Amino acid sequence: MKVAVVGATGLVGTVMLKVLEERNFPLTELIPVASEKSVGKLIKFKGKEYPIVSIDTAISLAPEIAIFSAGGSTSLEVAPRFAEVGTTVIDNSSAWRMDPTKKLVVPEVNAHVLTKEDKIIANPNCSTIQMVVALQPLHEKYKIKRVIVSTYQSVTGTGVKAVDQLMNERKGIDGPKAYPYEIDLNVLPHIDVFTDNGYTKEEMKMVKETNKIMGDDSIKVTATTVRIPVMGGHSESVNVEFENDFDLADVRRILEEAPGLIVVDDVANLKYPMPKDAHEKDEVFVGRLRRDESHDKALNMWIVADNLRKGAATNTVQIAEYLVANKLV
């Protein structure tokens, strides 16, 4: 089982390697891939050192699986070349997500759609992943009509430059900027570029990806996505309107029994999910469960996850684990 990690030196690529090691993924050979300037450098994995190779070299080795975190333009150009040699690509960029011929997968929700013929599989947006893990089991029971979500997203979602900007601002150092404004002691209601309808691409990703992953275009979604000066993960305030009435105790039980979820909801003892608690965890954390008192069939909840792990690297590795377990590679 040869596995290539394309973009192995980046923020998400580094976490992918860590998650592969921690989860003891059954690979026999690691093929780390990065830009030409990194070729030949060594990466440590499970106590062994592996040289970084070029894309062309990796393709010539025909790995069974290639997990990508190398940006959309690279994915569009390179993923089909891997697929041509029989490699199954799991791509973490936005390149293939809304392609009607490609599956968009969160294993807890829709891994069953995967087949041996799927040679390019898309990993969803981080903020969508954590939300649908919590929505799916409730949709199965109560049928979701509408979702209103506001996000509170970590600077790590932008990358190293954004983390550096935050820490530099905190220390009073002038340096390169990832954002058009200061992020320390501030919030920016602006993630990705604005589109013609006044929403950002990040907001529209949440709308379209939710429908595609959950396989139901009747679910109405509206989103406001916000960047905040935290590191540990993304948080979301989610209001869910159901077609059918619900019992709050039943909602809690459904979420507690759902795969990939941990309920942290004990306000009497000030227990609720926070980014610091989700940091370096693979699960999605849910709390602040309460009825919407302005609507008899609506629920409010708070969802938190590590955006570099479940929101990116872990979800990608879980897709790979499903492919292996079900002999699809």
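Student: How many of the nine residues of strand β11 (residues 234-242) are buried?

Tutor: This is a predicted model, in which local features need pLDDT of at least 70, side-chain atom pairs count only at pLDDT 80 or more, and totals for chains, interfaces and linings use all residues. Residues are numbered from 1 along each chain as its sequence is written, and side-chain values use heavy atoms, with hydrogens and water left out. Strands (E, at least two residues) and helices (H or I, at least four residues) are DSSP runs numbered from the N terminus; buried means under 20% relative accessible area, exposed over 50%, and partly exposed in between, with a 1.4 Å probe and protein chains only. Strand β11 is mostly covered, and its buried residues number eight.

Student: Which residue of β11 is the bridge partner of Y152?

Tutor: Strand β9 (residues 144-153) runs antiparallel to β11, and eight bridges join them. Two strands count as paired if DSSP finds at least two bridges between them. Within β11, the partner of Y152 is S235.

Student: Which residue of β14 stands opposite V238?

Tutor: Strand β14 (residues 298-305) is joined to β11 by eight bridges, again antiparallel. One facing pair is E241 and A298. For V238, the residue opposite in β14 is M301.

Student: In what order do the strands of the sheet with mixed pairing run?

Tutor: β10 (220-227) and β12 (261-263) each have a single partner strand, so one side of each has no neighbour in the sheet. Those two therefore stand at the edges. The sheet is open and has six strands, in the order β10-β9-β11-β14-β13-β12.

Student: By how many degrees are neighbouring strands of that sheet turned against each other on average?

Tutor: Angles between axes elsewhere run from 0 to 180 degrees between N-to-C directions, with the axes as lines fitted to C-alpha atoms, for helices over the stretch in contact. For neighbouring strands of this sheet, direction is ignored, and the average is 20°.

Student: What angle does helix α8 (residues 248-257) make with β13?

Tutor: Two helices are to be placed on this sheet, with contact meaning heavy atoms within 4.5 Å. Helix α7 (residues 201-214) touches β9, β10 and β11, and its direction makes about 140° with that of β10. Helix α8 touches β12, β13 (284-291) and β14, and its angle with β13 is about 175°.

Student: Which helix gives the largest share of the largest nonpolar core?

Tutor: A nonpolar core is a set of buried Ala, Val, Leu, Ile, Met, Phe, Trp, Tyr and Cys residues joined through side-chain atoms within 4.5 Å. The largest has 54 residues, and those with the most contacts inside it are F82, L135, L138, V147, V238, V286 and M301. Eight of the core residues come from the helix with the largest share, residues 126-142, namely α5.

Student: How many residues does the second, separate core have?

Tutor: In soluble globular proteins, nonpolar side chains tend to be buried together. V15, Y50, L308 and A320 are included in the second core, whose residue count is 31.

Student: Which residues does V238 contact, leaving aside its neighbours within four places in sequence?

Tutor: V238 is among the residues with the most contacts inside the largest core. The full list for V238 is M131, L135, V147, I148, V149, L299, N300, M301 and I303.

Student: At what angle to β6 does helix α10 (residues 309-325) run?

Tutor: Another open sheet of six strands is parallel in its pairing, ordered β2-β1-β5-β6-β8-β7, with β2 (29-33) and β7 (103-104) as edge strands. In this sheet β5 (residues 65-68) and β6 (residues 88-91) pair over four bridges, with A66 opposite V89. Helix α10 lies across β5, β6 and β8 (120-122), and its angle to β6 is about 155°.

Student: Is L185 buried or exposed?

Tutor: L185 is found in the loop between α6 (160-171) and α7. L185 has a positive phi of about 55° although it is not a glycine. Its relative accessibility is 81%, so L185 counts as exposed.

Student: What is the relative accessible area of R288?

Tutor: R288 lies in strand β13 and has a positive phi of about 50°, although it is not a glycine. R288 is partly exposed, because its relative accessible area is 35%.
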